[in-house]
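Please open the model in your viewer and keep the selection box at hand. The stops below can be followed one after another.

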Amino acid sequence: MISEWTVPQGIHPKTIATTTVRDVCIDGDLSTDEELLMQDINTDANNHMLWEDALLDAQKVTKLNPSSHVGYQLSHSALRGAQRYDEAIEAFTIMLSKLDNAPEVQIRDLRRQYVRPSEAEDAIRRAVWIELSNAPLRLLNTSTGLLCDRAAQLNFFKTSPQYKELLSSITKRSDLQMARIKDVVAMHFRCVLLSHRWEETEVLLHHIQNTDVRELKGLDGITKLQSFCKIARDAGYLWAWMDTCCIDKTNNAELGESVQSMFVWYRHSALTIVYLSDVPPSSQSGALASSVWNERGWTFQEFVAPKVVIFYQNDWSLYRNDRTPNHKESPAIMKELEGATGIDAQALISFHPGIRDARQKLQWASKRVTTVQEDTAYSLFGIFDVHLPVIYGERKQSALGRLLQDIVSRSGDITSLDWVGQSSEFNSCLPADIISYAAPPYSLPSLSEDEIQTAVSSLQNTVPVDLASKLYNLLKNTNAPLFANCRLRLPCIAFRVTEVKRKRGHTAHFTYGVKADGLRDLLITTDETLIQFSRARPTQQTFFLVRPWDRRLLGLPDFSEQPTFADDGESVGDWSESESGSDDTDERSSNSPGEEKLSVDSDVHSRSLRLMVHLGQAFSALLVAEQRVGEYKRVASDQYIIAQVKDP
């Protein structure tokens with residue numbers, strides 16, 4: 001709640017005189033008469049002297065010695081206690097001038113510890129801009145009903161009792177670093193954001209500019225806006241934001257900045273209110289899960305970003321009458337959302353934006369829809385913490401393509417290529433629609449450690465050491481995948497296709513029997529018509545089945561997990577190339593050079609053989625057709641292409 005500001009903490013009329021007398025006596029600034037008067041003030045203070053009485057006594061001190069700073073120092077304290085902050089600042093300014101003009105060097109030296117009000121204003125202003133950097137550009141003032149831009153927000157703060165009290169309390173240089181400045185600013189600018197499904201008609205920016213929204217009538221959608229502001233105001237929040245009317249959508253620069261910043265805004269909101277327009281108050285458990293709010297693209301980030309969320313039904317009553325202060329801490333509500341979204345409750349609560357686990361995040365967003373087609377991608381900018389131009393009119397495939405291109409380029413993560421469906425016009429290795437990520441990646445059977453060791457043992461006597469090591473080093477030094485100018489440079493292992501033959505009896509899609517050098521025969525189902533050929537009847541176009549190179553098969557971190565790509569930005573020096581897990585330097589140094597070399601060679605050979613075992617397992621392949629020398633087009637498939645290397 002926004003509470004009334006009371007007497008500043010640490011200042012009380014009965015302590016002013018005592019503190020001031022101590023300071024002034026040290027300064028040697030008081031005459032005998034002034035000292036006697038100060039003793040009277042101190043006595044009166046102990047008798048619960050009121051602030052106004054303290055002010056009168058301070059004025060007597062000033063009258064006794066008008067050139068002294070002491071009376072004004074007392075007046076400043078008394079005026080602050082009486083919450084007469086403007087006068088307190090004026091008294092403090094006069095006090096500074098008295099110190100500047102004092103004939104005694106000792107008194108003038110006192111001036112160094114104090115700061116001018118203008119310096120305090122600068123410190124507060126810096127704290128305000130830091131706070132507002134994570135807030136929407138425009139905010140609704142719930143106390144006035146007016147929409148305020150940055151300048152209006154700052155001006156409103158400067159006229160508030162909180163600001164004046166804070167400014168009057170900053171007198172010394174040490175005060176400029178006070179955490180209290182940050183706390184007061186943060187408290188004032190706490191903001192509530194709304195998450196909702198847009199209706200056919202909503203209140204827009206031009207409807208509410210220079211207008212008290214509380215007085216508006218006859219507009220479709222105004223009830224929702226007014227109810228939202230009332231809920232925020234009653235909860236003690238001064239500022240509120242609703243996307244329909246707080247963004248100038250005719251201003252491309254502002255619109256682009258808003259799209260880029262929206263995740264951050266929700267992340268730093270004091271509270272996010274979710275309005276479920278299709279959930280009546282009589283609804284039973286499960287109504288939240290079936291709400292269309294769960295199907296919208298933008299509401300994904302609007303829920304995972306905030307720390308505190310509360311759900312309201314269509315009559316603005318609490319969902320299920322759940323009075324938990326934060327519905328993210330309500331087991332019943334989170335269980336509903338987990339079932340509705342398919343996202344683990346803990347992931348919903350402690351979501352981390354970034355490119356790590358990109359494939360899983362794409363799957364979470366895959367079934368959500370947006371009214372504007374480009375928003376399919378734009379609504380995920382914050383989820384992946386990417387910063388790309390917002391270009392409405394570029395169409396969905398281009399917007400999604402740019403997003404996926406940035407994810408692959410920044411992370412080196414090839415899992416974004418793991419999809420089924422239609423290819424994008426942006427790049428054939430990417431899907432045309434995010435729904436292609438709805439199916440989880442194909443789960444290939446994995447070998448147990450015992451099975452791997454058995455396979456390694458069988459290879460030790462048949463595979464030359466130098467051949468295995470050469471393959472390992474070749475793949476280890478392979479570059480990360482790279483997107484540039486809509487072209488993908490994809491490190492991979494390629495198997496030339498030698499035969500494509502269409503199977504009969506399939507009408508909905510085309511199913512082809514495919515043979516490739518080094519692979520077992522397999523079937524591929526696609527909407528595309530492929531050229532049929534064989535060794536006996538070759539074609540000029542070349543096809544390959546490719547295995548995108550997965551660095552994790554080396555037993556080392558994937559590119560997306562390495563410091564140069566990871567979200568957390570660890571130092572490269574923090575990564576060790578040793579996989580032994582041992583840091584026992586003394587033990588290693590006790591080995592002779594020959595023994596150490598044998599150990600290293602044995603370890604490298606073991607890793608190389610383990611790699612060969614993994615390469616012999618089934619893998620998810622891409623079918624590509626050569627377009628020109630060095631360039632290929634992916635042939636989209638309706639099912640994952642699972643390939644298997646032939647037994648030697």
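Select Trp316 first: in this predicted model, Trp316 counts as buried because its relative accessible area is 13%, which is under the 20% cut-off. Trp316 is found in the loop between E6 and helix H15 (331-341), and its phi is positive, at about 65 degrees, although the residue is not a glycine. As background, most residues other than glycine have a negative phi.

Move next to Asp385, where a positive phi of about 55 degrees again belongs to a residue that is not a glycine. Asp385 sits in the loop between helix H19 (381-384) and helix H20 (396-411), and with a relative accessible area of 39% it is partly exposed.

Return to E6 and display the sheet to which it belongs. Six strands make up this open sheet, in the order E2-E1-E4-E3-E5-E6, and their pairing is mixed. Strand E2 (147-148) and strand E6 (309-312) stand at the edges, where each has a single partner strand, so one side of each is left without a neighbour in the sheet. Within the sheet, select strand E3 (residues 191-196) together with strand E5 (residues 271-275), which pair in the parallel sense over five bridges; as a landmark, look for Val192, which stands opposite Leu271 in E5.

Two hairpins come next. For one of them, select strand E10 (residues 510-516) and E11, which run antiparallel and are joined by five bridges. Thr511 stands opposite Thr525 in E11, and the two strands form a hairpin with five residues between them, where Gly518 in the turn has a positive phi of about 85 degrees. If you colour strand E11 (residues 522-526) by accessibility, you should find it mostly covered, since four of its five residues are buried.

For the other hairpin, select strand E13 (residues 619-628) and strand E14 (residues 631-635), which pair in the antiparallel sense over five bridges. Here Val624 has Arg634 in E14 as its bridge partner. Two residues lie between E13 and E14 in this hairpin, and Gly630 in the turn has a positive phi of about 85 degrees.

Stay with E14 and show the side chain of Glu631. Which residue forms a salt bridge with Glu631? The partner is Arg487, with the closest N and O atoms 3.7 Å apart. Glu631 lies in strand E14 and Arg487 in strand E8 (residues 487-489), so the pair ties together parts that are 144 residues apart in sequence. Glu631 is partly exposed at 29% relative accessibility, and Arg487 is likewise partly exposed, with a relative accessible area of 48%.

This pair belongs to a wider set, for the structure holds 26 salt bridges. Among them is the pair formed by Arg111 and Asp100, whose closest N and O atoms are 3.3 Å apart. This pair links distant parts of the chain, with Arg111 in the loop between helix H6 (105-110) and helix H7 (117-132) and Asp100 in helix H5 (residues 85-100), eleven residues apart. Are these two partners buried, partly exposed or exposed? Arg111 counts as buried at 12% relative accessibility, whereas Asp100 counts as partly exposed at 33%.

Now select Asp109 and Arg112, which form a salt bridge with their closest N and O atoms 3.6 Å apart. Asp109 is partly exposed, at 37% relative accessibility, while Arg112 counts as exposed because its relative accessibility is 64%, over the 50% cut-off. To see a linked group rather than a pair, select Glu52, Arg84 and Glu87, which are joined in a network of salt bridges.

For the last stop, switch to a surface view coloured by charge. Lys501, Arg502, Lys503, Arg504 and Arg537 gather there in a patch of positive charge. Within this group, click on Arg502, which has its place in strand E9 (residues 492-502) and counts as partly exposed at 37% relative accessibility.

Notes. Residues numbered from 1 in each chain as written. Predicted model: local features only at pLDDT ≥ 70, side-chain atom pairs only at ≥ 80, totals over all residues. Heavy atoms only, no water. Patch = residues over 30% accessible without salt bridge, like charges linked within 9 Å, V, L, I, M, F, W, Y side chains within 5 Å. Areas by Shrake-Rupley, 256 points an atom, 1.4 Å probe, with all protein chains shown as cover. Salt bridge = Lys/Arg side-chain N within 4 Å of Asp/Glu carboxyl O. Lys, Arg positive; Asp, Glu negative; His and termini not counted. Charge placed at Lys NZ, Arg CZ, Asp CG, Glu CD. Buried < 20%, exposed > 50% of the residue type's maximum accessible area, 1.4 Å probe, protein only. Pairing = 2+ DSSP bridges.
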